[in-house]
Amino acid sequence: MAAVRARSTSKFKNLMGAELQMQECYGNVKPGVSNVDSNIIKTNGTYFAFAGLVHGQVYVHPLSQKGAAPDDRPFFLNEESNVTDLDLCQNNDNLLAAAYEDGKALVYRIPDTGLTEVVTAPTGELVGHDKRLLYTEFHPLAANVLLTSDAGKITKLWDVEQLTEGCTFPASGGVVVNASWNLDGSLCATISKDKVLRVVDPRGNTIVSQVLAHLGAKVGRVSWLGRLDRILSIGFGSGSGREILMFDPRNIAKPIANVQIETGSSTLLPFVDEDLSLIYLAGKGEGLIRTYEIADAQLTLVSQFQSKDPQSSVSMLRKTSLDFMKCEVARFLKLVETKRLLVPVRFTVPRQGSANIFQEDLYPATWDHQPTMTATDFFGGASGRTPTLLTPHP
């Protein structure tokens, strides 16, 4: 492990990453998914989930149960098709959606006690795509709203409680592979296989703006930093170099910042901490996690964490998982497929004399992970309902 630091004036100049001990890991994790662009492991405040090796299989595991899972643990099973992507809801920990090769999306309710038997009957089925689904994600603020995108360049939003289609994104000519919402959840930034970044008003059936973001062959990722009023697009340049582009959402014709990252073939998975204005970039197939600090129109590298074990998937855990008294500011789960292991990676800001003293400046108000509107409100045009923030306490 190694850390490289920069920007000596930053409070994060000493940011350090470390893998936790084996007793904190999750074992017997054997994922299988038919979509290479998918981030295999998904988490929320209670569970992590992944598609299993068996056709149509999805495992859901409580974060509270560490150690190796038994081989006979229960799972969700759809024998009709294979899983291409899945998501755990962030405003309802008991809600899971899975996308499939046959164009359907299935919705599952996770019992409060977790799974006790194999479940073959979903809570609901969403039918409306003619092509293979590639991507699915819950709306962060609207309860029971799910996005699905297929290989035929069609993207839809659904009410998963009523099992009805809410709207279809305007035709764009691009296959959406990643999406991120603005502060009140009214606009959506998408990145597509045609490398175009688009800002979409799905309920108004309008493409607000669009720009060719990256020239490289591989797909990218997008993150809308709502409270910071910035959009980040992470992808590949015209060569084999990787890059971070920062846009002002009011005018995305030209990036306001362009950070070049060394040549590499690994896709970079972005994880944003808006509370602290940090973005973590985890390279798939690498053992490296980079951390940048965001300030107005500037991105500054503050730390790099290097592990000997490459990660094939990474997921960021909520602030409730952190040890505040150890100045821990972020925690991730990284999948080490060769060991069938999910390893927690902790990031801390060491401070002299900080033992048993709560460092308030490291824990500003954060999202409470509660919905701000119903699906009916959302599809009815509700806007301006920004996330509720709460102040963390040890």
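**Reading strands, cysteines and phi angles in a predicted model**

Me: Which way do strand β17 and β18 run, and how many bridges join them?

Reply: Strand β17 (residues 176-181) and β18 run antiparallel and are joined by five bridges. Strands here are DSSP runs of E with at least two residues, numbered from the N terminus, and two of them pair if DSSP finds at least two bridges between them. Within this pair, A179 stands opposite T190 in β18. The two strands form a hairpin with six residues between them, and G185 in the turn has a positive phi of about 75°.

Me: What should I know about the model and its numbering before going on?

Reply: This is a predicted model, in which local features need pLDDT of at least 70 and side-chain atom pairs count only at pLDDT 80 or more, while totals for chains, interfaces and linings use all residues. Residues are numbered from 1 along each chain as its sequence is written, and side-chain values use heavy atoms, with hydrogens and water left out.

Me: How does β18 pair with β19?

Reply: The pairing of β18 and β19 is antiparallel, over four bridges. I191 stands opposite L197 in β19. This hairpin has three residues between the strands, and K195 takes a positive phi near 70°.

Me: Where do the side chains of β18 point, and are they buried or exposed?

Reply: In a regular strand the side chains alternate between the two faces of the sheet. For β18, C188, T190 and S192 lie on one side and A189 and I191 on the other, and all are buried. Buried means under 20% relative accessible area, exposed over 50%, and partly exposed in between, using a 1.4 Å probe and protein chains only. Five of the five residues of β18 (residues 188-192) are buried, so the strand is largely enclosed by the rest of the structure.

Me: C188 is a cysteine; how many disulfides are there?

Reply: A disulfide is a pair of cysteine sulfur atoms within 2.5 Å. By this rule the count is zero. C188 is in no disulfide, and the nearest cysteine sulfur, that of C167, is 10 Å away. C188 counts as buried at 0% relative accessibility. C89 is in no disulfide either; the nearest cysteine sulfur to it, that of C188, is 15 Å away. C89 is also buried, with a relative accessible area of 0%.

Me: Which residues other than glycine have a positive phi, for example in the loop between β19 and β20?

Reply: Most residues other than glycine have a negative phi. N205, in the loop between β19 (196-201) and β20 (206-212), has a positive phi near 55°. At 47% relative accessibility, N205 counts as partly exposed. Another case is H369, with a positive phi near 60°. H369 is found in the loop between β32 (366-367) and α1 (375-379); helices are DSSP runs of H or I with at least four residues. H369 counts as buried at 17% relative accessibility.

Me: In what order do the four strands of the open sheet stand?

Reply: The order is β21-β22-β23-β24, with antiparallel pairing. β21 (221-225) and β24 (257-263) stand at the edges, each with a single partner strand, so one side of each is left without a neighbour in the sheet. Neighbouring strands of this sheet are turned by 15° against each other on average, direction ignored. Such angles run from 0 to 180 degrees between N-to-C directions, with axes fitted to C-alpha atoms. β21 pairs with β22 (residues 230-236) over five bridges, and V222 stands opposite S233 in β22.
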